Amino acid sequence: MPKGDALGGFEQLILLALAHLGDEAYGVSIRKEISARTGRDVNIGAVYSTLDRLESKGLTTSKTGEPTAERGGRAKRFFRLTAAGSSALEESCRAIEGMMKGLNWGELA
Amino acid sequence: MTRFLFAVLLPGASEHLLGDLEEEAQTKSKFWLLRQVTEAAAYNSNLLETAAATAFLLGLPLLLTLELRRFALTLIPFRESAEFSFSALLFTALAIAALAAWETRLLGGRWLPVILATLLTAAIAALTNLPAILTAAAFLGGLLATLRRQGDIA
């Protein structure tokens, strides 16, 4: 991956959520997945602006689902990792794992 | 309430984003929804447009209410006072109705925010006497923002 295309922290969280959710990844489920796993109350606007950026980088794809009544007749937009997205996520996670090796959390503060 | 919030704070937002917010609004508090919508407006980078569109919704009827009322009062002969006149009231009501219809068209047929804004504006106009220059500036800013959002100007 070129230097300028390195994943940001929030991009990494979004891609990890997509990996966990599989075919059920849309705005609400992604937001909830991140909130449940990180304890952060993530904004849906932040999720969508990041998803749009990831899609423009070719790391995700999306398709529109069927409209539902509980959403006021509006459709969901489902997201999936592309092969490039999967590789970028793996590379990014390995980099973090590498950086974490040998750290002793108790001695950091 | 939710539809009004979306129309005013998230004009032009995608249907997926609005659908997600509507879905979550059923299980979350109104305060949570307001915070999410406000932050989403910031992430959509349309806060300025939102402010201008809100000013437009409020400012246009306010401007016309004040100015047309003033104009209408000058047309009435032998008036003792400019406090109230039935014809001025009728003229203003017709002007507001015409403007509301025009605003509704500009906003893509979304009539609810226009009606609410018009009612609010009528209340403000009845209780205050703001300088017309402020409402004129709000009108121009809001109009430009609306036209820009619609893609009519760059």
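Here is a walk through a two-chain model, from one chain's fold to the contact between the chains. The model is predicted, so local features need pLDDT of at least 70 and side-chain atom pairs count only at pLDDT 80 or more, while totals for chains, interfaces and linings use all residues. Residues are numbered from 1 along each chain as its sequence is written, chains are lettered from A and ligands numbered from 1 in the order in which they are written, and side-chain values use heavy atoms, with hydrogens and water left out.

Let's begin with chain B. Its secondary structure amounts to seven helices and zero strands, so read from the N terminus the order is α-α-α-α-α-α-α. Helices here are DSSP runs of H or I with at least four residues, strands are runs of E with at least two, and both are numbered from the N terminus. Of the 154 residues in chain B, 42% are buried; buried means under 20% relative accessible area, exposed means over 50%, and partly exposed falls in between (1.4 Å probe, protein chains only). If you take the contacts in chain B between residues at least 6 apart in sequence, 72% of them join residues at least 24 apart, where a contact means heavy atoms within 4.5 Å. Chain B exposes about 8,600 Å², with carbon and sulfur atoms supplying 69% of that area. Such accessible areas come from the Shrake-Rupley method with a 1.4 Å probe, and for residues only the protein chains shown count as cover.

Now for a single residue in chain A. A:T82 sits in the loop between strand 2 (74-81) and helix 4 (83-100) of chain A. This threonine counts as buried because its relative accessibility is 17%. Leaving aside residues up to four places away in sequence, A:T82 touches A:G58, A:L59, A:T60 and A:T61. With A:G58 there is also a polar approach: a polar atom of the A:T82 side chain lies 2.7 Å from the backbone oxygen of A:G58.

Charged pairs come next. Side chains of opposite charge can pair when their charged atoms come close. Over all chains, the structure holds 13 salt bridges, each being a side-chain nitrogen of Lys or Arg within 4 Å of a carboxyl oxygen of Asp or Glu. One of them joins A:R53 and A:E11, whose closest N and O atoms are 2.9 Å apart. A:R53 belongs to helix 3 (residues 44-56) of chain A and A:E11 to helix 1 (residues 9-21) of chain A, so this pair ties together parts that are 42 residues apart in sequence. The two ends are covered to differing degrees: A:R53 is partly exposed, at 38% relative accessible area, whereas A:E11 is buried, at 4%.

Another salt bridge within chain A connects the side chains of A:R31 and A:D41, again given N to O, at 2.9 Å. Here A:R31 lies in helix 2 (residues 27-38) of chain A and A:D41 in the loop between helix 2 and helix 3 of chain A, 10 residues apart. A:R31 is buried, with 2% relative accessible area, while A:D41 counts as partly exposed at 39%.

Where do salt bridges cross between the chains? In one of them, the side chains of B:E23 and A:R71 meet at 2.8 Å, N to O. This pair runs from B:E23 in helix 2 (residues 15-25) of chain B to A:R71 in the loop between strand 1 (60-68) and strand 2 of chain A. Both ends count as buried, B:E23 at 13% relative accessibility and A:R71 at 0%. Salt bridges that share partners also join A:R31, A:D41, B:E24 and B:R35 into one network; among them, A:R31 and B:E24 meet at 2.6 Å, N to O.Finally, the interface as a whole. The contact takes 22 residues from chain A and 19 residues from chain B. The area buried between the two chains is about 1,800 Å², of which carbon and sulfur atoms give 46%; buried area is the accessible area (1.4 Å probe) that two parts lose on being put together, summed over both. A:N43, A:E70 and A:R74 supply 32% of the area that chain A buries against chain B, more than any other three residues. Between chain A and chain B there are five salt bridges, and 15 residue pairs are in polar contact, both residues at pLDDT 80 or more. A polar contact is a pair of N or O atoms within 3.5 Å; within protein, one must be able to donate a hydrogen and the other to accept it, and residues adjacent in sequence count only if both atoms are side-chain atoms. On the side of chain A that touches chain B, helix 2, helix 3 and strand 2 of chain A each give two or more residues, and helix 3 gives the most, with five.
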